[in-house]
Amino acid sequence: MIDLSVEFCGVPMRNPLVLASGIWGSCAETLIRAARHGAGAVTAKSCSLEPRQGHPNPTVLDWGAGLINAIGLSNPGAAEARDLLRHAKSELIPLGVPLIASVFGHSQKEFCDAVRIVAEAEADFIELNISCPNVESEFGEPFALDPSAAAGVTRAVRRVYDGRLLVKLSPNTHHIVDVARAVVDAGADGLTAVNTLGPGMIIDVHARCPVLSNRVGGISGAALRPVAVRCVYEIAQELDVPIIGTGGVSTGEEAMQMIMAGATAVGIGSVLYTDGDDAFRRISRELEALMRDEGYTCLADLRGCAHD
């Protein structure tokens, strides 16, 4: 008997597959849809204190080796996000699927104010997306690139929120372990590793201009996966902390790579762009079959084994 269940920060999940933020999480119905189609947990799209319109189309391109996107963090604001999270939570409880709310801000105060509002929905976790620009920083760098800035926003949110707190890290730093250690020391219960890579650019040679209206965008999908696996591996090598390994996973074997690198759960995102509803159940079936072939009965037996 193969057991795909996991416990993440004390919360049971029927399988390790987590709907990543930003794909289907912009409304309650898509969060519920992911749960009904086999996700072990679901993450809502990141919200900010005030609504954001985001960038004009085109915002997403499948360029063959993954996706490039510059959606611009469009969202309805924390107050409306709280209401859709409440609706989603009521439907997810009988399904036994945990809900992760995601929040971003351009300052510690914006993070804290947004978290206060979103926390009223009583999601199982709140994830801090610290990869957006930090306008309080002298150079406008994202919080995720600097251990001190990352710790500062985590510590500030921890003072106003005592629930389970995740921090979403960026691959765009050579110091990801230092950032991870800093946010854990500041009060994070777990990590999401990683956000998109880049920014990158694709040029339309016929139009003689970048394809995206924003010109540049984040890289996700298959091109990101080896980087994401390495980030998870490096963090797990140094820290004993629950990790959602996220970045380009589209098969059961790729999910197993993340878990062998040290992840407890595995984020699923870009593959939904091509595979839709079937992705969660298909990846679960492939993971289960591979575990059987390799002689594993539960995920704990293979978690982090690539470090041995």
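Start by selecting strand E16, residues 265-268. Both of its faces are covered: Ala-265 and Gly-267 on one side, and Val-266 and Ile-268 on the other, are all buried. Buried here means under 20% relative accessible area, exposed means over 50%, and partly exposed lies in between (1.4 Å probe, protein chains only). Strand and helix labels follow DSSP runs numbered from the N terminus, with at least two residues for a strand (E) and at least four for a helix (H or I).

A word on what is on your screen: this is a predicted model, in which local features need pLDDT of at least 70 and side-chain atom pairs count only at pLDDT 80 or more, while totals for chains, interfaces and linings use all residues. Residues are numbered from 1 along each chain as its sequence is written, and side-chain values use heavy atoms, with hydrogens and water left out.

**The neighbours of E16**

Now add strand E3, residues 17-19, which runs parallel to E16 and is joined to it by three bridges. Two strands count as paired if DSSP finds at least two bridges between them. Click on Leu-19 and you will find its bridge partner in E16, Ile-268.

Next, add strand E15, residues 243-246, which is also parallel to E16 and joined to it by three bridges. Here Thr-246 has Gly-267 of E16 as its bridge partner. Bring in helix H7, residues 252-261, to complete a right-handed β-α-β unit made of E15, H7 and E16. Right-handed means that, with the strands pointing away from the viewer, the path from the first strand over the helix to the second runs clockwise.

**An open sheet**

Move on to the four-stranded open sheet with the order E5-E6-E14-E11 and antiparallel pairing. Its edge strands are E5 (60-62) and E11 (197-200), each pairing on one side only. To look at one pair, select E5 with E6 (residues 67-69): three bridges join these antiparallel strands. Val-60 stands opposite Asn-69 in E6.

**Out to the surface**

Which residues form a nonpolar patch on the surface? Select Met-201, Ile-203 and Val-205, which together have about 310 Å² of accessible area. Val-205 sits in the loop between strands E12 (203-204) and E13 (209-210), and counts as exposed because its relative accessibility is 65%. Patch residues have over 30% relative accessible area and no salt bridge (a side-chain nitrogen of Lys or Arg within 4 Å of a carboxyl oxygen of Asp or Glu). Like charges are joined within 9 Å, and nonpolar side chains (Val, Leu, Ile, Met, Phe, Trp, Tyr) within 5 Å. Accessible areas come from the Shrake-Rupley method with a 1.4 Å probe, and for residues only the protein chains shown count as cover.
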